[in-house]
Amino acid sequence: MPQHTPLHAAHVAAGARMVDFAGWDMPVNYGSQIEEHHAVRRDAGMFDVSHMLALDLAGAGSKSFLRGLIANDVAKLVEPGKALYSCMLTPEGGVIDDLIVYYLSDTTWRIVVNAGTADKDVAWMQARLAEGGFDAALTVRRDLAMIAVQGPNARAKTWSALPGSEAASAGLKPFQAAAWGDFFIARTGYTGEDGFELTLPADQAAATWSALVAAGVKPCGLGARDTLRLEAGMALYGNDMDESISPLDAGLAWTVDFSDASRDFVGKAALLAKPASRQVLGLVLEDKGVLRAHQAVFTAQGEGETTSGTFSPTLEKAIAMARLPLGVAVGEQVEVDIRGKRLKARVVKASFVRKGQALI
Amino acid sequence: MNIPGNLRYTTSHEWVRVEADGSLTIGVTDHAQEALGDVVFLELPDAGRAVAAGEAIAVIESVKAASDIYAPVAGEIIGSNQEAVDAPEAVNADAYATWLFKLKPANAADVDALLDAAGYEAAIG
């Protein structure tokens, strides 16, 4: 039986088309995925992301534990509420998961991990905690719901739906969060637009969702979430990286911090021993068709492969993220194998749309 | 569920209309378009192509995924809908008004083996 988020009944009542996603019965759309996509680019939309897992880490040893656990360095977080995106690696340098860590204090941290990897993530973290004998405890917060409100009008509509929330969240910078009563309001997201990710008690989720609908925030499914993140050039775990690939080969070198030579982290030695052998770039299809994951890409420097692809509702063209040989440059033309035909595509940076604007 | 009684159907979600001259007009069902979501691309067969029953002869792609469209019976393609290729979202707007290709069956009686509306409704129930 698939699991249900606290908002499951609201999705079904709204006529959402439900699909299994990582063991959760989730809305893929409420009608038109393209309309939901545009709502986020132009106004405000929201996603139930309660299938993702929040974890609390507390204890004097939390910081040193995290510095060894993940590839980005939490030592750079000094402002309370600041968030950091990072990969958590295997000793061989493969990506166990990508996650966000929020710094609350030197002894209290909030971590958010993907739904499909949540169980293995928790097991891995608990094993590392025990192995290192850290003075830190991890608490699984399945009692919380998460709603991502995204779009140019997302913050204003959130404030109108949740009276009193503006004072707590108007001063947040991008990638920063603050507590507001039982709520945790983060100015983060996965769409390339401004907005909030709200973490709140599960029993308040349905009322909050309704208040946001009443404030003019459009419910959006996982379909639009995928096209939005892909336009924004954001990696999806399981598509764009997994345990078989190093973050250096998955376009995530910017999230690996080697600056403190005295810091060791799981996977560091493996990454240092094996520099990047591929690069991640974007593709825009110039012929008619739709790019998808796992299509072969033929370049003058050799073969590559798409890792995510879709029809971009904003650009009205097919786009993809692709792992390509080093040496392929932005602006070059390549060919993509789509059902046995070689179609023309142009190489661009792997970031297609941000804040409503086309970047290519 | 929108399943017109005057059409025939396949378990792979094509609808088939038998025209007065015995030719077949074919599209995808309302159930199929709803499952696919927003349709953004169609690749339809060229006129003159001989096709076998059950052969994958066209492709429909939504934002979400690509799916094959199959020949409901054997025969020859005698036309495809260029307007639908140019505006694939018409499939979502009205799946039964948006035909995709026309086929001259090799054997007119083959159509009798296709599902009727009740049969299709049972198949997708």
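# Strands, a lipoyl site and a pocket in a two-chain model

Tutor: In this predicted model, S1(A) and S2(A) form a hairpin with two residues between them, and Ala22(A) in the turn has a positive phi of about 50 degrees.

Student: Which residue stands opposite Met18(A) in S2(A)?

Tutor: Strand S1 covers residues 17-21 of chain A and runs antiparallel to S2(A), with five bridges between them. Within this pairing, the residue opposite Met18(A) in S2(A) is Pro27(A).

Student: How many residues of strand S2 (residues 24-29) of chain A are buried?

Tutor: Buried here means under 20% relative accessible area. By that cut-off strand S2 of chain A is mostly covered, and of its six residues the buried number is six.

Student: Why is strand S4 (residues 53-58) of chain A described as largely enclosed by the rest of the structure?

Tutor: S4(A) pairs with strand S7 (residues 108-113) of chain A, antiparallel, through six bridges. S4(A) also pairs with strand S8 (residues 137-140) of chain A in the antiparallel sense, over four bridges. The description itself rests on burial: strand S4 of chain A is largely enclosed because, of its six residues, the number buried is five.

Student: What is the bridge partner of Leu55(A) in S7(A), and which residue stands opposite Leu57(A) in S8(A)?

Tutor: Leu55(A) belongs to the pairing with S7(A), where its bridge partner is Ile111(A). On S8(A), the residue opposite Leu57(A) is Leu138(A).

Student: Which are the edge strands of the open sheet of six strands in chain A?

Tutor: The order in chain A is S10-S11-S12-S9-S3-S13, with mixed pairing. An edge strand pairs on one side only, which leaves strand S10 (177-180) and strand S13 (218-219) of chain A.

Student: Inside that sheet, which residue of S9(A) does Met46(A) stand opposite?

Tutor: Strand S3 (residues 45-48) and strand S9 (residues 144-150) of chain A run antiparallel and are joined by four bridges. Opposite Met46(A) in S9(A) stands Val149(A).

Student: Where does Lys64(B) lie, and is Lys64(B) buried or exposed?

Tutor: UniProt, in an unreviewed entry, lists Lys64(B) for "modified residue: N6-lipoyllysine". Lys64(B) lies in the loop between strand S6 (56-62) and strand S7 (66-70) of chain B. With a relative accessible area of 33%, Lys64(B) is partly exposed.

Student: Which residues are in contact with Lys64(B), leaving aside its neighbours within four places in sequence?

Tutor: Contact requires heavy atoms within 4.5 Å. In chain B, Ala35(B) and Leu36(B) are among the contacts of Lys64(B). Those in chain A are Arg17(A), Val28(A), Gln33(A) and Arg292(A).

Student: How far apart are the end C-alpha atoms of residues 23-104 of chain B?

Tutor: The unreviewed UniProt entry annotates residues 23-104 of chain B as "domain: Lipoyl-binding". Over this range the chain is 20% helix and 41% strand, and the separation of the end C-alpha atoms is 5 Å.

Student: Which element supplies the largest share of the lining of the second largest pocket?

Tutor: The second largest pocket has a volume of about 390 Å³. Helix H2 (33-42) and strand S17 (317-325) of chain A, with strand S4 (39-43) and helix H2 (82-86) of chain B, each supply at least two lining residues. The largest share, three residues, comes from S4(B).

Student: How many of the lining residues of the second largest pocket are charged?

Tutor: The lining has 21 residues, and those nearest the pocket centre are Phe311(A), Glu316(A), Lys317(A), Val40(B) and Pro88(B). By type, 11 residues are nonpolar and two are polar, while the charged ones number eight.

Technical notes. Residues are numbered from 1 along each chain as its sequence is written. Chains are lettered from A and ligands numbered from 1 in the order in which they are written. This is a predicted model: local features need pLDDT of at least 70, side-chain atom pairs count only at pLDDT 80 or more; totals for chains, interfaces and linings use all residues. Side-chain values use heavy atoms; hydrogens and water are left out. On a 1 Å grid over the protein atoms alone, a cavity is a set of points where a 1.4 Å probe fits but cannot get out, and a pocket is an open set with protein on both sides within 12 Å along at least five of seven lines; lining residues have an atom within 4 Å of a point. Grid points are joined across faces, edges and corners, and a volume is the space filled by probe spheres set on the points. Ala, Val, Leu, Ile, Met, Phe, Trp, Tyr, Cys and Pro count as nonpolar, Asp, Glu, Lys and Arg as charged, and the others, Gly among them, as polar. UniProt positions are given in the numbering used here, feature names are shortened, and annotations may be inferred rather than shown by experiment. Buried means under 20% relative accessible area, exposed over 50%, partly exposed in between (1.4 Å probe, protein chains only). Two strands pair if DSSP finds at least two bridges between them.
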